[in-house]
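Dear colleague,

Please find below the structure that I am handing over to you, together with its sequence. My findings follow directly after it.

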Amino acid sequence: MMLPDGKTFGSMTAPLTEVLPFTEAFHAIVRIRTDDGEGFVLSDEGKAVAAWCREGAKDLRGGFALARLLAESSLSCELSRYGNDEYGLALERCRDAGYLIGWESPDEDGAVPVTTFPEAEGSAPAGSAVPELNEESLHLILSQPGVVAVSAFYEGFAVQSVGATDFDRIAAISEDLLRAGLKIADDMEMGGLDEIILETPGGKLIIAPFGDLSLCVLTAANANLGLVRVALRSIRWEG
């Protein structure tokens, strides 16, 4: 079954329970590769609504597939964001194929899936286009391995922060870096600024626009930059 491609915003290897929270701010599809198969989970703002996986010659659908994927301790996942039209099309095709969770027919043994999955906390309200920057969003980034502190700043002043550092000093320095980066990007005609990454033997500093604010993430030197970037993109409004 062909599903819309969506806009890929990251990949990660982790249990499904740790992957889906990265899709809380929008509709998304998580495409999965396993040792002997493949699958996907369709996410409605962090909540699994459809799933499929192939295990050898056996196809699992809906809750059966989700339960199987949840049982894996680690999955290789690619995350793609869906616009409303793409999500609607994917939902329609999943419905036609019998992949919707909660609508499965009993399997050949007469069993029906009983799938429990933690409800996404702090999800954007239904119909909301722009996710709010709240403490849960900042803690999602802070929870990534190696992240020391996260701060939202405006004009060099920290307005919302979590973690342990001198936020006023970091916000002021980040503002200088942001302005320099914007000027360089403009001078080089490279388009809008997506992220600034400063990496030294002592740690990393990532700066990313977020609406009228900017986010700065301070990490240890051994932080997994890929996970931090996925977390950032999962909470940012991309228009």
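In this predicted model, six strands make up an open sheet with antiparallel pairing, and their order is 1-6-2-3-4-5. The edges are taken by strand 1 (7-14) and strand 5 (58-61); each has a single partner strand, so one side of each is left without a neighbour in the sheet. On average, neighbouring strands of this sheet are turned by 15 degrees against each other, direction ignored.

At one of these edges, strand 1 runs antiparallel to strand 6 (residues 75-82), and seven bridges join the two. Within this pairing, Met12 is found opposite Cys77 of strand 6.

Helix 3 (residues 84-97) packs on the sheet. The helix touches strand 2 (27-34), strand 3 (37-44), strand 4 (47-55), strand 5 and strand 6. Between the direction of helix 3 and that of strand 3 the angle is about 125 degrees.

One residue of strand 3, Ser43, deserves a separate paragraph. Is Ser43 buried or exposed? Its relative accessibility is 0%, and because buried means under 20%, Ser43 counts as buried. The Ser43 side chain makes a polar contact with the side chain of Thr23, at 2.7 Å. Leaving aside residues up to four places away in sequence, Ser43 touches Leu20, Thr23, Phe26, His27, Ala28 and Tyr87. Thr23 thus appears both in this list and as the polar partner of Ser43.

With kind regards

Methods. Residues numbered from 1 in each chain as written. Predicted model: local features only at pLDDT ≥ 70, side-chain atom pairs only at ≥ 80, totals over all residues. Heavy atoms only, no water. Pairing = 2+ DSSP bridges. Helix = DSSP H or I, 4+ residues; strand = E, 2+ residues; numbered from the N terminus. Axes fitted to C-alpha atoms, helices over the stretch in contact; angles between N-to-C directions. Contact = heavy atoms within 4.5 Å. Buried < 20%, exposed > 50% of the residue type's maximum accessible area, 1.4 Å probe, protein only. Polar contact = N/O pair within 3.5 Å; in protein donor to acceptor, adjacent residues only side chain to side chain.
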